[in-house]
Amino acid sequence: MLRSMTGFASATGSFDQYVWSWDIRSVNGKGLDLRFRMPDWIEGLETALRKEIAATASRGNVTCSLRISRDESSGGLKLNAAQAGSVLDALAELETLALDRGISLQPSRASDVLAMRGVLDLAGPEEPGTSGLTEALLAQFATLLAAFDAMRRSEGVALGAVLEGQLGEIEALVDEAAGLLDARRDDMAGTLRRNLAKVMDGAGGADADRVAQELALIAVKSDVAEEIDRLRAHVAAARSLLGDGGAVGRKLDFLMQEFNREANTLCSKAQHGELTRIGLALKVLIDRMREQVQNVE
């Protein structure tokens, strides 16, 4: 199955006090270019992700982004033991001093002590480790990568259908060109005979056999049967690559250069109005097809 180099997937998740969102996207490229935008304090994550992506995609500019934060809402109140001890020591000293003067103080309640400044602190969440976090991220990334690959495959199916259609159009034009060869050959033979007669009339002593040989050589050089045969072979090769699937983008791109070379030669050798029209139509169609091939992995 063909894959497109265009793909996208996103996901969100959470673990312990962490929440995150990430996405992975790709566009066409000559090779595999991986770029990561993620926190560097999660040890080993980028290395693991790089390995997994490389096992799935062979070409394309791929960007993987991860945004992660901690949920700070899980904090609570925490007793400041040192401050509470200081408060209790001060209360004990105060009660002793009051008794020495014959003064009886009302007993202190725990709530009174806790209400004093500094006895209770607002505690943040405990600092969690990252080993479990890394495992949770990698587990979800497998699902994310599968969705990303599924989109590239889906795009590849659509690309394959477009390319098959374009190959059919190219094949039809090549068949049309082949159907013109007999008429073109007769037209060129008549033109050559008329030109030979003109040359011989004004040549005065020219070697007729030599002139005929030169004109025959011109006719051979202007023959386009080989170009048509090669175009047909290229159509067959392209269909074979599309059928094989996999990472065939580079081979298809090279084949499009060969298509274009034959179409250029066909136009330059045409010397026939209809054949020239077909050659130009082939060039336009081949150029459109090559644009689509640029997206094949």
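Colleague: In this predicted model, what is the relative accessibility of Asp33, and is the residue buried, partly exposed or exposed?
Modeller: Buried would require under 20% and exposed over 50%, and Asp33 falls in the class in between, so it counts as partly exposed. The relative accessibility behind that assignment is 27%.

Colleague: Which residue does Asp33 pair with in a salt bridge?
Modeller: Side chains of opposite charge can pair when their charged atoms come close. For Asp33 the N to O separation in the salt bridge is 3.1 Å, and the partner is Arg35.

Colleague: How many residues apart in sequence are the parts that Arg3 and Glu297 tie together?
Modeller: Arg3 and Glu297 form a salt bridge in which the closest N and O atoms are 4.0 Å apart. Because Arg3 lies in the segment before strand E1 (7–15), while Glu297 lies in the segment after helix H9 (273–293), the pair ties together parts of the chain whose separation in sequence is 294 residues.

Colleague: What is the relative accessible area of Glu297, and is this residue buried or exposed?
Modeller: Its partner Arg3 counts as buried at 15% relative accessibility, since the cut-off for that class is under 20%. Glu297 is buried as well, with a relative accessible area of 2%.

Colleague: Which residues are joined with Arg152 into one network by salt bridges that share partners?
Modeller: Arg152 forms a salt bridge with Glu297, with the closest N and O atoms 2.5 Å apart. This pair links distant parts of the chain, given that Arg152 sits in helix H4 and Glu297 in the segment after H9, 145 residues apart. Both Arg152 and Glu297 are buried, and shared partners connect Arg152 into one network with Arg3, Asp149, Arg153 and Glu297.

Colleague: With which residues is Thr134 in contact, leaving aside its neighbours within four places in sequence?
Modeller: Thr134 belongs to helix H4, which covers residues 131–179, and at a relative accessible area of 13% this threonine is buried. Once those sequence neighbours are left aside, the residues in contact with Thr134 are Ile42 and Glu43.

Colleague: Why can the buried residues of H7 be said to line one face of the helix, and within what arc do they fall?
Modeller: The 20 residues of H7 (residues 225–244) should span 28 Å at 1.5 Å a residue, and this agrees with the 29 Å between its end C-alpha atoms. Its buried residues are Glu227, Ile228, Leu231, His234, Val235, Ala238, Leu241 and Leu242. Seen down the axis of H7, these buried residues line one face of the helix because they fall within an arc of 140 degrees.

Colleague: Which residues are exposed on the other side of H7?
Modeller: Just after H7, Gly245 takes a positive phi of about 70 degrees. Within the helix, on the side other than the buried one, the exposed residues are Glu226, Gly243 and Asp244.

Colleague: What is the area of the nonpolar surface patch that Ile103 helps to make?
Modeller: Ile103 is placed in the loop between helix H2 (81–100) and helix H3 (110–114), and it is partly exposed with a relative accessible area of 45%. Together with Leu94 and Leu105, Ile103 makes a nonpolar surface patch of about 260 Å².

Colleague: Among contacts between residues at least 6 apart in sequence, what share joins residues at least 24 apart?
Modeller: The protein chain comprises 9 helices and 6 strands, and buried residues make up 35% of its 297 residues. Among its contacts between residues at least 6 apart in sequence, the share joining residues at least 24 apart is 81%.

Definitions and conventions:
Residues numbered from 1 in each chain as written. Predicted model: local features only at pLDDT ≥ 70, side-chain atom pairs only at ≥ 80, totals over all residues. Heavy atoms only, no water. Helix = DSSP H or I, 4+ residues; strand = E, 2+ residues; numbered from the N terminus. Expected span 1.5 Å × (residues − 1). Buried < 20%, exposed > 50% of the residue type's maximum accessible area, 1.4 Å probe, protein only. Arc of directions from axis to C-beta. Contact = heavy atoms within 4.5 Å. Patch = residues over 30% accessible without salt bridge, like charges linked within 9 Å, V, L, I, M, F, W, Y side chains within 5 Å. Areas by Shrake-Rupley, 256 points an atom, 1.4 Å probe, with all protein chains shown as cover. Salt bridge = Lys/Arg side-chain N within 4 Å of Asp/Glu carboxyl O.
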